[in-house]
Amino acid sequence: MEYVYALIMLMALYVILATSFDFVIGYGGLISIAHPVFYAIGAYTSALLALDFGLPIPLAIPAGAVVALLASVAVALPSLRISGDYLLIASIGFQLGLLEAIKNMAWTGGSGGLTNIPGVSAQSGGHGPYVVVTVLLAIGTVLLLRWITGSSYGRAISALRDDDMAFSALGRNGMMMKVGIFALGSGLAGLAGGLYAHYFRFLAPGQFGIMQSAALLTMVVVGGMRSIWGPVLGAVVLEALPQAITFLNLPPSLLGPLQGILFTGLVLVFMFARPQGLIGGGDVWRGRAVREVRDVARP
Amino acid sequence: MFSPLILLQILWTSLATSSYLVLFTVAFALVLKVNRIFNFAQAATMTVAFYAAYTLVSRLGLPGWAGLLAALAAAVVLALPLELLGFRALRRRRASSIFVFIFTLIISELVAYIAMLVYGTWPATVFPSLFWPVRIVAGVAISEWDVPALGATVVAVSALFLFLRRTRIGQSMVAVADNPDLAEFYGIAKDRVYLVSMIVASLIAGLAMFLYGTRAQVEPTTALNLLLFAIAATIIGGIGNLGGAILTAVVLSLCENSSILFIPSAWQGFLLYAFLFVAIVFFPRGVRLPRRLRLSRSVPTPAFAPEEPREA
Amino acid sequence: MSPGLEVRMLCKRFGGIVVADSINLQIPAGRVVGLIGPNGAGKTSFFNLVSGIVRPDAGSVTLGGVDLTGLKTHQRARRGLSRTWQNLRLFSSLTVLDNLLVAPRLYLGESLTALLFGAGRVRRAERADRERATAILERTGLADIAHMSVGSVTFGQQKLIGVARALMNDPCCLLLDEPMAGVEGQAYQTIQRVVRDLAESGIAVCVVEHNVAFIRDLCDEGVFMFAGRVLARGSVAELIADPRLTELYFGT
């Protein structure tokens, strides 16, 4: 039973992570792969608040999400001010830099990891209700993002992605929108982090590195970028698939790399053979037509 | 603690360390300048080059020069499909920059995982031992690694600049870097230029990784961190400015090595990310030196090119 | 007559190239002013400077007495300065109608907080915008293609959409960058009529255009630019008749 709970838990968390990541890179067109670092911030903040300050779990988790959101604004503001391309580098630097810092600090548990995180089972009757709440939050995330992308905000996002210069010349604050998109996506990742921390009760910096970025990217690309249900399907399928490998009883030293190869290999296959993903239409990957890029005035 | 001798020693060590860092940076900056690709796959090239040398020298006991050749060959062997099957196909499709970037990143991760599967996650080195005999010259310890490494770097960088200035294909690379459309108009085959640029950059990265692997331990994910250094140096040096990138690599190497005087060594790795962040926030367009101080003759692309050609 | 757009001592150089050399230019409300000059005279650069896309080295821009100098592009647009683009810059993944719907001067839907905490208000604003957009599409003869993707309509229609989108922005001053290049027939007539109507409703209009007939028919006066400077200002007929300007225009 515990195994099934854990699997459902992970699927729900990855649904939150993949859909919010797709919101940032697919819908928002913001190039960043540092989504896991906001997952980490949410997880560590929530865990440390509960561990060191005795904050109740239902308060610690939202606090983690808020801190992740604020951190994402702090990363996005200076780099987006210059150009969208710098967000990518700034966020990777932030991701690896923060993980490096976590490895070196005692109060985050260092590279060995943070243990003894207050969990739910001690306070309530088992894991069941916690899993239900997480699944509901995952469904809520999907519905929220579906509503936003279908609203007037979603229309503005599309326009911004198509041509941010024409967009701002109409009086739209494209910069604030980009920060908003990034912050909302990152805040949701932070929420997933808090939910993870108090269920699995162990955090290590290695869980939030580039490998995690690759996994999320795979879910989004394989499922179908810039669609709502694509990343959901991607998250469920790709969470289930590696589980199948674990049944092979391989040693962990083989299992990790094999999963990694599976994830990255799938991205490559889909990028070239089926760029639109399992679900989704439209030419997501095509660059802007040359004609339109020509007279871009870079101030 | 801050005796002149220590400072001199740090200066020398920084210079020696900068040998491979300069080469990593040059390779990255070259592909960015000519191919206009933010090539994270260089980490894959570096990983492949290292493990080729490692296999031949450390595992099979062949001499060092065979390892170097293997590193160079492996780097080129990876560059060919990368350019011919990957980048070329993406160009044909007019893929967006995020697509190309994700492609390069995924390639470097895929290679890292394959390396983990084959070689495990334990740190490895090209030669079984990292120890190099040391000679004391005027109070400064100079290892037998330092001089050949610096020599190789100087030769490689000089050869690159000669190649870009003197050979026809090198000049074509500069022309494509300046204006790909115009270059094509003058009959320069862009595809060939991009391929040569990838090969040259891979050779440089392969050499650099061989040098690194003879002096420090390498894991499958080491290359990605080394690449971040190259990116920071490229940005601070001013994108498109090879000379600036080289100079920045040396300066950053000095900062990193002298940091042991001020901060605990465990935090030395953190410094790199600080560089990267400072580079993006404060020097997104590179540090502008006064014109007469610039090393390279290459003019940075103007921030804004007037869209209409002037006729009058 | 209200002040309209006022540009004073606008200067900008890129490296050695001067694109704006102490430009002084006033476009009164209700007037259509044509910018004429050879390629590279700095006409589009002038638009980029005025709309805040490019930061000038010196000079000021005011609109209806409000100082726009130092404001960002979107802030200038919110104060009533709209422009179109030589190469259209339509939102290619949206329909014709949606291209207009993101263009009102005030768009509540761009704020996530407004959406999350004031959904009703956003919906009401959206309904009003939809009515206005439909009216503009009627006026520009685009109503039939309102739900088509902008990529699938003719070039003339795309040009019209660019103008319609700027109308949706409800400007006090409109900068039109080559609205007629490559346009003929029905669309030509429509653009001409729309621009005329705009001026009559009290909007200051500035047009960059190579089509001399269009400039002559439509503009109240012309401004001749060369090498980033304003060389002459007067009626279009006068400017065309000036042999000195003709020589500069066609080169020697």
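# Notebook: strands of chain C, helices of chain A, core of chain B

I started with a short pairing: E4(C) and E5(C) run antiparallel and are joined by two bridges. In that pair I looked up Leu63(C) and found Val66(C) in E5(C) as its bridge partner. I note here that the model is a predicted one.

**Entry 1. The four-stranded sheet of chain C**

I placed the pair in its sheet, which is open, has four strands in the order E2-E1-E4-E5 (chain C) and is antiparallel in its pairing. Its edge strands are E2 and E5 (66-67) of chain C, each of which pairs on one side only.

I then went through the inner pairings. E1 (residues 5-14) of chain C is joined by seven bridges to E2 (residues 17-27) of chain C, and the two run antiparallel. E1(C) also pairs with E4 (residues 58-63) of chain C, again in the antiparallel sense, over five bridges.

Which residues face Val7(C) in the neighbouring strands? In E2(C), I found Leu25(C) opposite Val7(C). In E4(C), the bridge partner of Val7(C) is Val61(C).

I checked the turn as well. The hairpin of E1(C) and E2(C) has two residues between the strands, and Gly15(C) takes a positive phi near 60 degrees there.

**Entry 2. Positive phi outside glycine**

Most residues other than glycine have a negative phi. I looked up two residues against that background.

Ser22(C) has a positive phi, near 50 degrees, and is not a glycine. I located Ser22(C) in strand E2 of chain C. Is Ser22(C) exposed, partly exposed or buried? I count Ser22(C) as partly exposed because 14 C-beta neighbours lie inside 10 Å.

Ala227(C), also not a glycine, has a positive phi near 50 degrees. Ala227(C) sits in the loop between E9 (221-226) and E10 (229-234) of chain C. With 18 other C-beta atoms within 10 Å, Ala227(C) is partly exposed.

**Entry 3. The six-stranded sheet of chain C**

The loop of Ala227(C) led me to the strands on either side of it. E9(C) and E10(C) pair over five bridges in the antiparallel sense, and Phe226(C) stands opposite Arg229(C) in E10(C).

Both strands belong to an open sheet of six, ordered E6-E7-E8-E3-E9-E10 (chain C), in which the pairing is mixed. Why do E6 and E10 of chain C each have one side without a neighbour in the sheet? E6 (81-83) and E10 of chain C stand at the edges with a single partner strand each, so one side of each is left free of a neighbour in the sheet. From one strand to the next I read an average twist of 20 degrees.

**Entry 4. Helix H1 of chain C**

I looked up what H1 (residues 43-50) of chain C lies across. The helix lies across E3 (32-36), E6, E7 (173-177), E8 (204-208) and E9 of chain C, at about 145 degrees to E7(C). H1(C) also lies across E1, E2 and E4 of chain C, at about 70 degrees to E2(C).

**Entry 5. Chain A**

I counted 13 helices and zero strands in chain A. Of its 299 residues, 56% are buried. Among contacts with a separation of 6 or more in chain A, 77% join residues 24 or more positions apart.

I examined one helix pair. The axes of H10 (residues 210-223) and H12 (residues 252-273) of chain A come within 9 Å and cross at roughly 35 degrees. The crossing of H10(A) with H12(A) is left-handed. From H10(A) the contact takes residues including Met211(A), Leu217(A) and Val221(A), and from H12(A) residues including Phe263(A), Leu266(A) and Phe270(A). By class, the residues of this contact are eleven nonpolar, three polar and no charged.

**Entry 6. The side of chain A that touches chain B**

I found 38 residues from chain A and 34 residues from chain B in the contact. On the side of chain A, the elements giving two or more residues are H3 (57-82), H4 (84-104), H10 and H12 of chain A. Which element gives the largest share of that side? H12(A) does, with twelve residues. I sorted that side of chain A by class and got 23 nonpolar, ten polar and five charged residues.

**Entry 7. The largest nonpolar core**

The largest nonpolar core has 289 residues, and those touching the most other members are Phe24(B), Ala49(B), Ala53(B), Ala71(B), Ile204(B) and Ala232(B). I followed Ala49(B) further. Leaving out residues up to four places away in sequence, Ala49(B) touches Ala71(B), Ala74(B), Ala75(B), Ala205(B), Gly206(B), Met209(B) and Phe210(B).

Conventions: Residues are numbered from 1 along each chain as its sequence is written. Chains are lettered from A and ligands numbered from 1 in the order in which they are written. This is a predicted model: local features need pLDDT of at least 70, side-chain atom pairs count only at pLDDT 80 or more; totals for chains, interfaces and linings use all residues. Two strands pair if DSSP finds at least two bridges between them. A residue is buried if 20 or more other C-beta atoms lie within 10 Å of its own, exposed if 12 or fewer, and partly exposed in between; C-beta atoms are placed from the backbone. Axes are lines fitted to C-alpha atoms, for helices over the stretch in contact, and angles run from 0 to 180 degrees between N-to-C directions. Two residues are in contact if their C-beta atoms, placed from the backbone, lie within 7 Å. A crossing is left-handed if the near helix is turned anticlockwise from the far one by less than a right angle, and right-handed if clockwise. Ala, Val, Leu, Ile, Met, Phe, Trp, Tyr, Cys and Pro count as nonpolar, Asp, Glu, Lys and Arg as charged, and the others, Gly among them, as polar. A nonpolar core is a set of buried Ala, Val, Leu, Ile, Met, Phe, Trp, Tyr and Cys residues joined through C-beta atoms within 7 Å.
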